[in-house]
Amino acid sequence: MNAVAAGVGATLPAASGCFHCGEALPAAPASLQLDGQLRRFCCNGCAAAAQWIRDADLDDYYRLREQPGRRIDVDAAALAHWDREDVLAGHARAIDGGRELVVVTDGMRCAACAWLIDRALAREEGVLEIAANAVTGRIRIAWDPARTPLSRPLRRLQALGYQPYLAAGDAQERGRRRERNRWLLRVGIAGLGSMQAMMFAEALYLDTANQMSLPMRDFLRWITFLVATPVVFYAGWPFLAGAWRELRERAPGMDTLVTASTLLAYLASVAETVRGGPHVWYDAAVMFVFLLLVARMLEQRVRTTANAQVDALARARPVLALRENADGGCETVPLAQLAVGDIVRVAAGEAAPADGVLLDAGARFGEALLTGESQPQPKRAGDTVYAGSLCDGRTARIRIHRTGADTRLAQLAALVERAQAQRPPAAQRADRIARAFVVAQLAGALVLYAAWRVHAPERAFEVTLAWLVISCPCALSLAIPAAYAAASSTLARLGVLPVRAGGLERLAAVDTVVFDKTGTLGDGAPQLDATRTFGTLDADAAQRIAAALERESTHPLAKAFAGVDGAARAQAVTVHAGAGIEGVVDGMRWRLGHAAFAFGGTDDGALWLADGQRAAARFGIREHLREDAAAALAALSGLGIDAQLLSGDGEAAVRRVADTLGIEKAFARQLPEQKLARLRELQAGGHVVAMVGDGVNDAPVLAGADVSFAIGDGAALATRSADLVLASPALLRIPEAIALARRSRTVVRQNLGWALGYNLLALPVAALGLVTPWLAALGMALSSLAVTLNALRLARTARIGGPR
C-alpha cells in the first residue's frame, strides 16, 4: 500500500503499541500518516485497515472505541469457500432479493465495533442489510448473490479485524431473532403507550379545581383507552398467557397476580370511562406492563449471558476442513463430509474440525474454550486433539476418530445447554413460596377492599389495586434464578460445567473434599517403572499379556500398557472393581491386579500378573502428581475445607502421595463399597462432602456424595454420575468453584432478604393508602432491578493463583 512507509521523520505518538490493535510493535513497524500524525502499526494488515477506515470517513471509530481492535490477518483464499452451496446449506435462508446469513465473531468488544461493521459492510456492493450486535457478537448479513459473492463483504469484515464464524443453524437463528424482535416490539409499544397514558393522566390529575369540561375529560379518557388497549393485550400478552397457564395447572404464580392487577385496572377504567365515573387507572395498567417487561428483559439478559458459553462453543467450530486425498493432495470439504479415519491438516491459527490423533510431533494446541487452560498445550504424536482447539505455531496433521455430535466440543455444548435448562431446587422452593404468597395476597386484597369500603368507599378500589401491584413477587421470583444463571456462566468460563440441578447450591455448603488418587491427584499418565518376572515368562511376554487384559479397560492404569507392541486379544474378560481384571489370553486364564487378588499374596502396592495361584510378573507403576495438586489443596485449606484421600491403590503408594500433599487422612485398598461406606460415615458425622474422581470405580461414590466432580477426560460413567464436570484436569478449578458457590449463596441470601424486606415494608404503606397504583408499579420494578443487578456481580470471574 503506497501510504505505508517506514522511517518517516515525524514525531511518533507516545503510545508504544499498534495504533489499531494495541499489540507490541516489531523492531521495524509499519507507519502511516493519519490526519497529520504518524501512526505506527504492528503489520501492514493493521495499517491497511486504518487507511481504509480513514478513507471511508469512519475514523470516528478510533474516538468512540473502548478497547483496541483485533490484529488483522487476512486469508482471502479461506473466505472463498463461504461461497460454496454445501457450506451455506442449513445456515443461509432465502429472502426477497437475496439471501440472509448470521455469523458470529469474537472481535466485537464495544458499541464502536458494531458501529464500524454496520457502516463498513453496508458500503459493499450487493449488501442489502447489515446488523451487528456488540452484546452477542452476532452479525446478520443480507446480500444479493447475483451482485456479490458472500466472501466479498466477509473479506471486508476480516480486513477490519473481525473473524467470521458460522452461527447455529438457520432455523434456530430465525427462532431466536423472531423472539427477540417480538420482545423489543412489545417493550417499544408499552413504553410509548406508558408515556402517552401518563401525559393524558397528568392532565386529569392536575385538574384539581374541576375546571375541565366533561366532554374534554371524556375525550382524554377515550384517547387513553385507545393507547392502553394494545399495551395491555399485545405488549402484556406474555403475562396473560402465563396466567392462563398457571390457572390451568392450578398453580397461581407471579403472572396470575400481574394479570389480575393489570386487567383489574384496565377493566375498571373502561367501566368508569363508559359510565363517566370520577376515576380511571389506565396509567397504572400500562406502567405496570411496561416496567414488568423491562424487568423480564433484564432477566433474559442474565440468561443470555449464561448462554454465552454455548455461542462460544459454536464459534469454535470451523466452517471447512482441509482433507488429504489418497494421492497425497488436499481438498477443502464441509465438516459434514468428514469421516472417521480421514486425515486433515490444520493450519496455524485454525481450529481442529473434529476429534482425532496427532500424527506429527511437536504441535501445540490452545484449548482455552474447551478446558479453561489459558496457554496452548504441547502435544506429541499419538496425543488426542479436540475439535475447536486452535493450532499454534505450524500446520498439524490429524487422523479423525470422532466427528459431529460425538466430538468433545459437541458434548460440552450439550452439557452446558442441559445444565442451563434445569431449574435448581432453591429456585423451585422460591416458586412454591411465591405461589403461596400470591394466594395470600389475593385473599388479603379482598379483606383490604372490604375494610376500605367501610372506611372510605371512594378509595377502596385504588388502594386495593396499589396493594396488588406493589406486592407482586417479581423480585422474589427473580432472586434465585438470576443469581444461579450468572454463576453458571462464570463456572463455564472457569472450565467447570454443571451437569445436574442443585450442584452449585450444595457446593456452597461443602466442608470436606474427598479425592481419588489415580487419574485424579495423579496426572492420569501412569508409566511402567520396572517389570520383574517369575517362572518361564520373560518381561516382554508378561507385558503383552497385561496389555491384552487392559486393552478394553477404562481404568487409568490401563494407559501404562498402551504402548506395548504385539499384544494379543483377551477373551472372557471380567473386571473386579477395586481388585483387578482377569481374562483368557492365548488359552490360559490370567489375573492382573493387587497381590491378594492375583494370587492370594500380601499387598505391597505393586501390580501383579498371576494365574490365580502362582505369581508370574510384578509391575512397578509410576504416576506423577498433577502440577497444581499442591496448590489446589492449599487453596481448599484456605477455604477451611478438609481434604481426604480414598484410593484403591496400595498402602505405600497412597501414603507417599498423602505425605507429599500434606493429606492427613488417607485410606488405601478401598473397594467401591468401602469408599461409599466411608463417605456415609462422614455424612453421618454432619459433614457435607464433595467427591472428586474420574474412573468407573468412582461412579457409586460420586453418586453418593453431597456434590461431586468428575475429571472431564475420565470414564463416561463417572461423568454421568457427577454433579459437575471439570472440562480440564486442573484441580485449582475445584476451590475456585467452591468460592464462587459461596459467593452465589451470599448473593441469593441478599436477594431474598431484599425481596422479602421490600414486601414487608411496601405492603403496610400500600394498605394505608399512601401510594398510588403507578408509584406502586415503579417500586415493584425497582425491586426487580435491584436483585437482577446484584446477581450480575457473579459474572465476574475470580481466579486462584497457581499453575494451570
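## A strand with partners

Let's start inside the chain: Ile 130 stands opposite Ile 141, which belongs to strand S7. Bear in mind that what you're looking at is a predicted model. Ile 130 falls within strand S6, which covers residues 127-133. S6 and S7 are joined by six bridges, and the pairing is antiparallel.

S7 has another partner too. Strand S5, made of residues 98-104, runs antiparallel to S7 and is joined to it by six bridges. If you want a spot to look at in that pairing, try Val 102, whose bridge partner in S7 is Arg 140.

## How enclosed is S7?

So is S7 buried or exposed? S7 takes in residues 138-143, and six of those six residues are buried, so the strand is largely enclosed by the rest of the structure. The cut-off behind that word is simple: a residue counts as buried when its relative accessible area is under 20%.

You can check this face by face. On one side sit Arg 138, Arg 140 and Ala 142, and on the other Ile 139, Ile 141 and Trp 143; all of them are buried, and both faces of the strand are covered. That brings us back to Ile 141, the residue that Ile 130 stands opposite.

## A six-stranded sheet and its helix

Further along the chain there's an open sheet built from six strands, with antiparallel pairing. Reading across the sheet, the order is S20-S25-S24-S23-S22-S21. Its edges are S20 (527-533) and S21 (571-576), each of which pairs on one side only. On average, neighbouring strands here are turned by 15° against each other, ignoring direction.

A helix packs on this sheet: H20, residues 539-550. Which strands does H20 touch? It touches S20, S21, S22 (580-585), S23 (588-593), S24 (607-610) and S25. The direction of H20 makes about 105° with that of S22.

At the S20 edge, the neighbour is S25, which spans residues 615-622. These two strands pair in the antiparallel sense over six bridges. To find your way in, look for Thr 533, which stands opposite Ala 617 in S25.

## A three-stranded sheet

There's also an open sheet of three strands, in the order S14-S13-S16, again with antiparallel pairing. The edge strands are S14 (377-379) and S16 (390-392), and each pairs on one side only. From one strand to the next, the twist averages 40°.

S13 covers residues 363-366 and pairs with S14 over three bridges. Take Phe 365 as a landmark: its bridge partner in S14 is Gln 377.

## Leucines on the surface

Now for the outside. Which residues make up a nonpolar surface patch of about 460 Å²? They are Leu 775, Leu 778, Leu 782, Leu 785, Leu 789 and Leu 792.

Leu 775 lies in helix H28, which runs over residues 773-792. Its relative accessibility is 38%, so Leu 775 counts as partly exposed.

## The chain as a whole

Stepping back, how many helices and strands does the chain have? There are 28 helices and 30 strands. The chain has 804 residues, and 51% of them are buried.

Its accessible surface comes to about 35,000 Å², with 55% of that belonging to carbon and sulfur atoms. As for contacts between residues at least 6 apart in sequence, 67% join residues that are at least 24 apart.

Definitions and conventions: Residues are numbered from 1 along each chain as its sequence is written. This is a predicted model: local features need pLDDT of at least 70, side-chain atom pairs count only at pLDDT 80 or more; totals for chains, interfaces and linings use all residues. Side-chain values use heavy atoms; hydrogens and water are left out. Patches are made of residues with over 30% relative accessible area and no salt bridge: like charges are joined within 9 Å, nonpolar side chains (Val, Leu, Ile, Met, Phe, Trp, Tyr) within 5 Å. Accessible areas come from the Shrake-Rupley method with a 1.4 Å probe; for residues, only the protein chains shown count as cover. A salt bridge is a side-chain nitrogen of Lys or Arg within 4 Å of a carboxyl oxygen of Asp or Glu. Helices (H or I, at least four residues) and strands (E, at least two) are DSSP runs, numbered from the N terminus. Buried means under 20% relative accessible area, exposed over 50%, partly exposed in between (1.4 Å probe, protein chains only). Two strands pair if DSSP finds at least two bridges between them. Axes are lines fitted to C-alpha atoms, for helices over the stretch in contact, and angles run from 0 to 180 degrees between N-to-C directions. Contact means heavy atoms within 4.5 Å.
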